[in-house]
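Let us walk through this model together, with the view open beside you. We will begin with a little vocabulary and then move to the contacts themselves.

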2 protein chains.
Amino acid sequence: MEINSTRDLILDSAQALAQTRGFNGYSYADIALELGIRKASIHYHFPSKNDLETELLSRYRTGFVSELQKIELNVNGSIEQLQRYAQMYATTLSNNRICLGGMMASDVGALPETLTPSLVSFFKEQVDWLANIMDAGKKAGELNFSGSAQSHATAFLAALQGGLLMANAMEDEGVFKRLRQTLINTLQ
Amino acid sequence: MEINSTRDLILDSAQALAQTRGFNGYSYADIALELGIRKASIHYHFPSKNDLETELLSRYRTGFVSELQKIELNVNGSIEQLQRYAQMYATTLSNNRICLGGMMASDVGALPETLTPSLVSFFKEQVDWLANIMDAGKKAGELNFSGSAQSHATAFLAALQGGLLMANAMEDEGVFKRLRQTLINTLQ
DNA sequence: TAGTATACCTACTTACTGGTAGGTAATCAA
DNA sequence: TTGATTACCTACCAGTAAGTAGGTATACTA
């Protein structure tokens, strides 16, 4: 079970494709070509595409949660924590990708329903984490907003997801940079 | 050239499919089945899928611009105008669809590049219109925000697009309703 | 050393994709 | 009334999708 196992390489390739071309915009043949292996070998690790997609989302969620923990642990101050959060999306954009969760949400009507609960949990995890940060920031006098932290957290996440879509389509990272600053300014 | 011409019915069907299953998530066969005609008849009206997609986006843009004009003409007050704008997205959501522009943006990596300029124009039209409304609202003392109207317009649109994705995936119209109110409250 | 599991492979199937060739019935203009 | 145009049709094509059957080499295990 080495680090760059074929299984992981398949997931990496599938994720890159899913984040650029859509959840139904790539095939086993695409991955096989990129990795220099055969389609059947991918079916060995992920018998059906549903299996691959399930694992893709699960891995993405786990990775995201671990990033959130790192931010809480290593970054001081709610404003800087929100900045770091938004920074993750900016990094995704600079790789010409959008969020896997956002991509999946856009394709939810064409996806097996078994994936939906995990996707919903993904969004809830994000919103809950953001709401916690915002609550703490307000109590500490760093942030200033009216209404619930939950609703501002939803708006913050929605704007990042939508901004990622727009900036990626417009091929304009500046759009996203300004959006990011506007969102954080509004909370102060 | 009657109102419900086959050509229009094809576009209607394609649009519904594109807004629910993705821009690459439907086929000529799907449309043919829904309309009770043959695939070849669709090719008669739209020789290639690129032709269909181009027309789809063009029609959507035109329709949207005409809605914006109606709002400016018939609705008084920037706050109410923004409410009506957001209302259009809520209607889309209640049809279990997302914005065609947002869907297209999410699939931009898998779409012919010929479509991109029109998509970029779509977003710019929206942002410019919103920025105009916001500028007027600020001058009239109805709205209150710091920073440029352009950046708040971008944030507003991005949040609606992202919120549509999330609320649709979560099958929760309440999420979108609260988001909408939060966005407008923040501008006051 | 014999048996089993792992991780790949070639070669295939079925179903669906966008697209084309060519035919037909109805309408319309000269 | 002839000839063109419109709006459909049947029947097909090559390519690609996900998925399967069955083979092979290597490693681990009893």
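Helices (H or I, at least four residues) and strands (E, at least two) are DSSP runs, numbered from the N terminus. A residue is near a molecule or strand if one of its heavy atoms lies within 4 Å of it. This is a predicted model, in which local features need pLDDT of at least 70 and side-chain atom pairs count only at pLDDT 80 or more, while totals for chains, interfaces and linings use all residues; side-chain values use heavy atoms, with hydrogens and water left out. Residues are numbered from 1 along each chain as its sequence is written, and chains are lettered from A and ligands numbered from 1 in the order in which they are written.

Start with DNA strand C. It is surrounded by 17 residues, the closest being A:Arg38, A:Ser41, A:His45, B:Lys39 and B:Lys49. Of the atoms of this strand that come within 4 Å of the protein, 60% are accounted for by sugar and phosphate. Which helix gives the most to the surface near DNA strand C? H3(A) does, with 4 residues. The surface residues comprise 8 nonpolar, 6 polar and 3 charged, where Ala, Val, Leu, Ile, Met, Phe, Trp, Tyr, Cys and Pro count as nonpolar, Asp, Glu, Lys and Arg as charged, and the others, Gly among them, as polar.

Now look for polar contacts, meaning pairs of N or O atoms within 3.5 Å; within protein, one must be able to donate a hydrogen and the other to accept it, and residues adjacent in sequence count only if both atoms are side-chain atoms. A:Thr6 places a polar side-chain atom 2.9 Å from a phosphate oxygen of DNA strand C. A:Arg38 uses a backbone N or O atom instead, 2.9 Å from a phosphate oxygen of that strand. From the other chain, a polar backbone atom of B:Tyr28 is 3.1 Å from a phosphate oxygen of DNA strand C.

Turn next to DNA strand D, which has 16 residues around it; A:Lys39, A:Lys49, B:Arg38, B:Ser41 and B:His45 are the closest. The side chain of B:His45 has an N or O atom 2.8 Å from a phosphate oxygen of DNA strand D, and a polar side-chain atom of B:Tyr44 lies 3.4 Å from a phosphate oxygen of this strand. Here H3(B) gives the most to the nearby surface, with 4 residues.

How are the two chains related? A rotation of 180 degrees with 0.0 Å of shift along its axis superposes chain B on chain A, with an RMSD of 0.0 Å, by least squares on the C-alpha atoms of residues with pLDDT of at least 70 in both. The two copies are therefore related as by a two-fold rotation axis. Both copies use the same surface, since 100% of the contact residues of chain B recur in chain A; contact means heavy atoms within 4.5 Å.

Finally, visit helix H9 (residues 173–186) of chain A. Its buried residues (under 20% relative accessible area; exposed is over 50%, partly exposed in between, with a 1.4 Å probe and protein chains only) include A:Val175, A:Phe176 and A:Leu179. Among the elements covering them is helix H8 (149–170) of chain B. A:Asp172 caps the N-terminal end of H9(A), with a side-chain oxygen 2.9 Å from the backbone nitrogen of A:Gly174. In the loop between H8 and H9 of chain A you will find A:Glu171, whose phi is near 50 degrees, a positive value in a residue other than glycine. A:Glu171 counts as exposed because its relative accessibility is 70%.
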